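Q: Can you walk me through this one? I'd like the strands and the pockets.

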Amino acid sequence: MLTFLRRPLRRAAVVVALCAATAASAATYGLSTSSAERDTSRAARIDQAPLLQQAAGESGGLFPLIARDKNGRLFDYEPNSTGGFATKFDLGSGYADATALAQANISGSLTGTDLYAVIDNTLFYTSERGADTKVLGTGWDAYDLLVSVGNMGGTVHPDLLARDTAGALWLYQGKADGTLATKLRAGTGGWTGMDEITGRGDYTGDGKADLVARSTAGTLYVYPGTGSITADVVLGTRVAVPAPTGPAWKDYGTLVSVGDNDGDGKPDLIGVDAAGALWLFKGTGKSTAPFAARTQIGTGGWTTYNLLF
């Protein structure tokens with residue numbers, strides 16, 4: 001039986017650090033005073049709220065689903081170990097201006113739910129099981145998507161993938177303190193032809209983290225991770241995922257993965273249909289058919305969120 005621990009996300013530390021970070025970014029990175037004041041005000045509005053975390057040693061690849069509503073408020077949905085999610089927790093407001101958000105389990109010896117956020121061209125990292133928010137650099141408006149699919153480059157810590165506006169995909173290897181190694185190109189142009197890019201673990205059964213992407217034409221692909229940190233060979237040859245029973249892949253407004261939802265050791269995929277219902281596609285671990293038939297895990301209302309990660 002899985003045990004869950006209720007831990008406070010360190011909001012007080014986040015507020016202080018983010019206020020300092022935004023002021024520093026104004027001076028260091030050329031942000032306007034009004035931008036710094038707006039971010040400081042935003043940070044001051046972030047509420048203290050709990051995150052539900054699994055006990056150490058029992059994670060089993062289970063991660064929360066985080067949702068952002070149109071008002072910029074984040075909500076945490078913890079997995080209930082049977083494929084669905086527990087009642088949501090309010091994580092606070094202030095994220096409406098974030099142009100990209102991603103979660104990664106880095107702090108607390110890989111047990112924390114940490115946050116990467118791009119705000120006003122600057123990348124911030126906030127650790128849950130720590131006391132710091134860091135400014136990692138500017139220039140991040142060059143990317144229109146961030147996703148953490150796990151460890152792709154052979155280190156212990158999860159990595160970030162970023163898609164630039166020209167359609168190239170870049171790998172940033174993660175470090176123990178949340179900072180990132182120098183970027184490495186994971187894929188050349190063409191990624192703007194994907195309207196969903198996600199993943200959280202090994203979908204093909206070879207022990208390496210993979211990427212899941214849907215083309216604008218509606219075809220779903222798995223891009224197997226190679227484990228290499230050589231430019232342009234981070235990902236192997238893509239494999240088309242068979243069409244699901246029921247609605248086609250193109251009919252899901254959102255596709256996202258937060259890892260293994262049902263605790264069977266295989267990462268899954270989640271879809272939001274046009275009616276706002278939530279569906280789980282359980283992972284099989286087979287490259288030729290990586291997902292089983294869908295199971296409903298949430299009723300209507302999920303289309304109220306403009307981002308799931």
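The chat below covers the basis of the model, then the fold, the surface and the pockets.

Q: What kind of model is it, and which cut-offs apply?
A: It is a predicted model: local features need pLDDT of at least 70, side-chain atom pairs count only at pLDDT 80 or more, and totals for chains, interfaces and linings use all residues. Residues are numbered from 1 along each chain as its sequence is written, and side-chain values use heavy atoms, with hydrogens and water left out.

Q: How many helices and strands does the protein chain have?
A: Three helices and 22 strands. Both are DSSP runs numbered from the N terminus: helices are H or I with at least four residues, strands are E with at least two.

Q: What is the order in the open sheet of four strands?
A: It runs β14-β15-β16-β17, with antiparallel pairing. Pairing requires that DSSP finds at least two bridges between two strands.

Q: Which are the edge strands there?
A: β14 (194–198) and β17 (239–240), each of which pairs on one side only.

Q: And how many bridges join β15 and β16?
A: Four, between residues 211–215 of β15 and residues 220–223 of β16. In that pair, L211 stands opposite Y223 of β16.

Q: Switching topic. How much of the protein chain is buried?
A: 54% of its 309 residues. Buried means under 20% relative accessible area (over 50% is exposed, in between is partly exposed; 1.4 Å probe, protein chains only).

Q: What area does the chain expose?
A: About 12300 Å², with carbon and sulfur atoms supplying 53%. Areas come from the Shrake-Rupley method with a 1.4 Å probe; for residues, only the protein chains shown count as cover.

Q: Pockets next. What volume has the largest pocket?
A: About 540 Å³. Of its 33 lining residues, E196, I197, L307, L308 and F309 are the closest to its centre. A pocket is an open set of points on a 1 Å grid over the protein atoms alone, where a 1.4 Å probe fits, with protein on both sides within 12 Å along at least five of seven lines; lining residues have an atom within 4 Å of a point. The volume is the space filled by probe spheres set on the points, which are joined across faces, edges and corners.

Q: Which element gives the most to that lining?
A: β6, with six residues.

Q: And the second largest pocket, what volume?
A: About 360 Å³. It has 21 lining residues, and G61, F63, G150, R200 and G201 lie nearest its centre.
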